[in-house]
Amino acid sequence: MDPAPGNHLHAVRTELNRLEIYRRRTYLGVLTLTIAIMMLSWAFREEGDPFIAVAYPAFSAILALLSVAFWRKSSPLRTMEITLVAAVGTMILSRLAWHFTFSDPLNEHLLLLAGGHYWAVGILIVGGFITLGYRGGMIIGIATFLFSGILATHEVFGCFQAAGEYCHNWVYLVRIHLFLAVLLALTSAGTLLRDRTWSAFSRAEALQHWAHTDPLCGLANRRGADQFLSAEAALADRYQRPLTIILIDIDEFKSINDDHGHEVGDAVICGFAEILSNTVREVDLAARWGGDEFLVATPGVDLRSARHAAQRCRRAIERAAIAGVPVTVTVGIAEYIPGKGVSDAICRADAMLYQAKAAGRNRVITEACELT
Ligand SMILES: Nc1nc2c(ncn2[C@@H]2O[C@H](COP(=O)(O)OP(=O)(O)OP(=O)(O)O)[C@@H](O)[C@H]2O)c(=O)[nH]1
């Protein structure tokens, strides 16, 4: 069953926190693996490759520091992701540039371009989209593609000028850049789809939340309460478990408005709603039923326990002096009778509330007995 509308936002936040923990763990795993691969490459490096000898341990140290930051949550996830992409990008592109600047024979340049380093360039393109979303991914992807293209073009021109026997290798470079272009197009399209789906989903969630929430006090509104009550009534019918309806009305609320002004009246409603939502359990519903009247539904709780809870709430309000105004409430309680419909229980709770008002307010009346 859906969470109570008042708890809806809380449920979304919990889910987002869970996803953030999952993402941080994924980054930790990827970083650990990358450090292990780099240290293996370093241990088995060829002689005379100062780049690997110096840059790999230095870069591994940077990744280790990043891992600690991911672990300790010392920065927001987004900042960490941008730092990670920047660090990996710098490393990959500087290694590529190193080959072109310092490797000796021409064919070696071409073979290196056609070889393993395009894995790294591909990873940088895909990683940019995964971590930075569509816009960031496009910037990283296009910049990487252009950088690689410029290096390759420079190499092909050099090859033609030298008119050497390896000129036919330009075909490799064209093929590889076509592959990178396809990768860029597919990943950007996939990311755009993901981002749009996510934003539509978030908008639907927000709409659902606001449609079922009172804009003033943040509790469920009548629509939210109706949804919760019909689901709970179905469960009560099926499993014969109790469901109690508590109606609460702020006493002489009109006088509060008249004496202190509407703004204070609004603050009283908000303060009361806060106390109410702190008093009820997670599985209960607390809703603004209309004006200065509130409804609490307590699934799995019988009349007696509900009456105790209502008394606790009434006393808490009495002690609180919300917005500097002494406030009291009157409460009527009735139990749902399976098969009779929720509106029947609400009508009976309302009748109890009416009786309690007539008896002098600031009290709780249930169908069975009266307590002050
Ligand atoms: N400030 C403020 N006032 C509201 C809001 N909604 C309803 N009211 C006012 O609440 C008052 C409710 O008055 P009544 O229904 O007479 O209830 P009461 O004064 O509490 O009287 P009893 O219930 O008999 O104790 C009306 O004057 C409404 O205008 C709101 O959102 N903010």
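Which residue just after α2 takes a positive phi? It is K73, with a phi of about 55°. This is a predicted model, in which local features need pLDDT of at least 70, side-chain atom pairs count only at pLDDT 80 or more, and totals for chains, interfaces and linings use all residues. Residues are numbered from 1 along each chain as its sequence is written.

**Stop 1: the whole chain**

Display the chain by secondary structure: there are eleven helices and six strands. Helices (H or I, at least four residues) and strands (E, at least two) are DSSP runs, numbered from the N terminus. Of the 372 residues, 30% count as buried. A residue is buried if 20 or more other C-beta atoms lie within 10 Å of its own, exposed if 12 or fewer, and partly exposed in between, with C-beta atoms placed from the backbone.

**Stop 2: helix α2**

Select residues 50-72, which form helix α2. At 1.5 Å a residue, its 23 residues should span 33 Å (the expected span is 1.5 Å times one less than the number of residues), and the end C-alpha atoms are 33 Å apart, which agrees. Within α2, colour Y56, F59, L63, L66 and F70, which are buried. An α-helix has 3.6 residues a turn, so residues three or four places apart point the same way.

**Stop 3: strand β1 and its partners**

Select β1, residues 243-250. Eight of its eight residues are buried, so β1 is largely enclosed by the rest of the structure. L243, I245, L247 and D249 point one way, while T244, I246, I248 and I250 point the other. In a regular strand the side chains alternate between the two faces of the sheet.

Next add strand β3 (residues 293-299), which runs antiparallel to β1 and is joined to it by seven bridges; two strands pair if DSSP finds at least two bridges between them. Here L247 stands opposite L295. Then add strand β4 (residues 329-335), which also pairs with β1 in the antiparallel sense over seven bridges. I248 stands opposite V331 in β4.

**Stop 4: the nonpolar core**

The largest nonpolar core (buried Ala, Val, Leu, Ile, Met, Phe, Trp, Tyr and Cys residues joined through C-beta atoms within 7 Å) has 50 residues. Those with the most contacts inside this core are I245, I246, L295, V331 and A349. Helix α11 (residues 342-358) gives the most to this core, with seven residues. A second, separate core of 16 residues includes L63, L84, I125 and I140.
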